[in-house]
Amino acid sequence: MWRPRSRRDARGMSVIEVGALRKSYGGRAVVDGVSFAVEEGEIFGILGPNGAGKTTTVECVEGLRIPDAGRVRVTGLDPVADHEAVSRVLGAQLQESELQAKLTVREALELYAAFYPRPADWRPLAERLGLTERLGTRFGKLSGGQKQRLFIALALVGDPRVVVLDELTTGLDPRARRDTWELIEDVRAGGVTVLLVTHFMEEAQRLCDRIAVVDRGRVAALDTPAGLIRRATRSTVISFTPSAPLDEREVAALPRLASVVHQDGRITLGGTDETVDAVLTLLARRRITAHQLRVTDATLDDAFLDLTGAES
Ligand SMILES: Nc1ncnc2c1ncn2[C@@H]1O[C@H](COP(=O)(O)OP(=O)(O)OP(=O)(O)O)[C@@H](O)[C@H]1O
């Protein structure tokens with residue numbers, strides 16, 4: 001099986017440093033003072049609504065955009081001034097348009113491997129990504145999911161110290177998405193640092209050691225997934241179908257209530273354990289039965305909604 005070279009001994013140092021990063025387009029600040037540091041061997045997620053400035057931020061890390069202000073370092077190097085040296089340690093997922101339609105999967109892997117001084121063996125990498133059967137297929141004939149897997153392979157073929165993956169599983173079916181997650185965990189197990197831009201809460205919660213929630217060009221919160229969930233005002237969610245309508249004023253007066261959603265006769269309340277206790281007491285007092293009662297812990301989705309006010 002494909003394994004990245006182990007670099008665990010290098011843990012403990014910041015591989016990526018972003019400090020007070022700013023970038024404007026036409027006088028509009030799309031990245032407005034973003035700061036974070038990614039440690040060696042970490043999977044660090046950047047999560048945020050559309051247009052939050054995530055891609056602009058990671059493109060500054062890759063040296064593809066020149067910041068207006070702030071400091072960016074990758075393994076201590078400036079991605080703009082030391083672009084060549086950075087491209088030897090950093091693997092980035094490509095955009096579709098960067099590959100020619102006539103290039104086969106094998107040719108693309110060989111070509112990209114040739115760019116690096118110590119490339120990974122691309123064969124087990126292709127195997128791990130389910131591309132072995134497609135080695136002779138031209139890029140233009142690949143499905144969306146196959147193209148996506150090829151881009152991941154090309155990001156890893158240089159055996160980078162740090163890899164930047166922007167929307168890596170978009171377009172993949174659930175099975176391929178899970179396989180890709182396992183691959184990313186393998187990559188990290190070898191000590192490779194992963195900077196991941198994602199829209200998928202489940203992906204962020206499962207993979208990331210820490211997440212920067214970016215909103216309107218700023219870091220709204222930076223924490224572990226569990227830490228972000230703890231910050232959510234709705235740490236517990238209770239839902240049920242009441243046997244009789246509830247009094248809206250009594251519902252609104254529940255302690256620590258963060259959200260109320262009515263749908264198809266079902267009511268879903270976000271809050272804390274205190275909210276849950278109070279609603280159960282209220283139901284008992286009014287002799288209302290709660291059918292299909294469910295109490296669940298908040299998810300990263302709830303934290304994201306609280307932090308950004310945006311639907312994921
Ligand atoms: N080259 C550019 N010229 C002008 N505006 C740009 C340019 N690149 C990005 N923008 C704008 O900057 C904002 C942030 O874009 P960016 O792609 O960084 O956001 P994002 O968080 O990655 O969004 P998404 O999740 O939709 O990809 C957007 O409003 C976008 O339209």
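Find the loop between strand β6 (162–166) and helix α6 (174–189), and you will find E167 sitting in it. This is a predicted model, and in it the backbone of E167 does something worth pausing on: its phi is near 55 degrees, a positive value in a residue other than glycine. Most residues other than glycine have a negative phi. Is E167 buried or exposed? With 16 C-beta neighbours inside 10 Å, E167 counts as partly exposed.

Now look for T75, which belongs to the loop between β4 (69–74) and α2 (83–89). T75 is not a glycine, yet its phi is positive, at about 45 degrees. The surroundings of T75 can be counted too: there are 20 C-beta neighbours inside 10 Å, so T75 counts as buried.

Let us step back and look at the whole chain. The secondary structure comes to 11 helices and 13 strands, and the C-alpha trace spans about 75 × 45 × 40 Å along its principal axes. Of the 312 residues in the chain, 38% are buried. To get a feeling for how the chain folds back on itself, consider the contacts with a separation of 6 or more: 72% of them are between residues 24 or more positions apart.

K23 gives a good example to follow by eye. K23 lies in strand β1, which covers residues 14–25. Along the chain, K23 and D68 are 45 residues apart, but their C-alpha atoms are separated by 5.1 Å. D68 is one of the residues in contact with K23, along with V30, V31, T56, C60, R65 and P67, once neighbours within four places in sequence are left aside. K23 has 22 C-beta neighbours inside 10 Å, and therefore counts as buried.

Where do the nonpolar residues gather? In soluble globular proteins, nonpolar side chains tend to be buried together. Here, the largest nonpolar core has 77 residues, and those with the most contacts inside it are A153, V194, L195 and L196. Helix α5 (residues 144–156) gives the most to this core, with 7 residues. Domain 1 (14–223) and domain 2 (230–308) both give residues to the core, so the core lies between them. Take L195 and see what it touches: setting aside residues up to four places away in sequence, the list is I16, V38, F44, V58, V61, V162 and V164.

Helix α5 also holds L156. This residue has 27 other C-beta atoms within 10 Å, so L156 is buried. Beyond the residues up to four places away in sequence, L156 touches G91, A120, L125, V163 and V187. A258, by contrast, is 102 residues from L156 in sequence and 43 Å from it in space, C-alpha to C-alpha.

That brings us back to the two domains, domain 1 (14–223) and domain 2 (230–308). Their centres, taken over C-alpha atoms, are separated by 39 Å. How many residues of domain 1 are in contact with domain 2? There are 10, and they meet 7 residues of domain 2. On the domain 1 side, the elements giving two or more residues are α7 (201–207), β8 (210–215) and β9 (218–223). The largest share of that side, 3 residues, comes from α7. By character, the residues on this side divide into 7 nonpolar, 2 polar and 1 charged.

Finally, turn to a sheet. Strands of a sheet pair through backbone hydrogen bonds, either parallel or antiparallel. In this open sheet, 4 strands follow the order β11-β12-β10-β13, and the pairing is antiparallel. Why do β11 (259–263) and β13 (290–297) each have one side left without a neighbour in the sheet? They stand at the edges, each with a single partner strand, so one side of each has no neighbour there. On average, and ignoring direction, neighbouring strands of the sheet are turned by 15 degrees against each other.

You can check one pairing yourself. Strand β12 (residues 266–271) is joined to β11 by 5 bridges, and H262 stands opposite I267 in β12. Helix α10 (residues 273–285) then lies across β10 (236–242), β12 and β13, and runs at about 20 degrees to β10.

Methods:
Residues are numbered from 1 along each chain as its sequence is written. This is a predicted model: local features need pLDDT of at least 70, side-chain atom pairs count only at pLDDT 80 or more; totals for chains, interfaces and linings use all residues. A nonpolar core is a set of buried Ala, Val, Leu, Ile, Met, Phe, Trp, Tyr and Cys residues joined through C-beta atoms within 7 Å. A residue is buried if 20 or more other C-beta atoms lie within 10 Å of its own, exposed if 12 or fewer, and partly exposed in between; C-beta atoms are placed from the backbone. Domain bounds come from an automatic or database domain assignment. Two residues are in contact if their C-beta atoms, placed from the backbone, lie within 7 Å. Two strands pair if DSSP finds at least two bridges between them. Axes are lines fitted to C-alpha atoms, for helices over the stretch in contact, and angles run from 0 to 180 degrees between N-to-C directions. Ala, Val, Leu, Ile, Met, Phe, Trp, Tyr, Cys and Pro count as nonpolar, Asp, Glu, Lys and Arg as charged, and the others, Gly among them, as polar.
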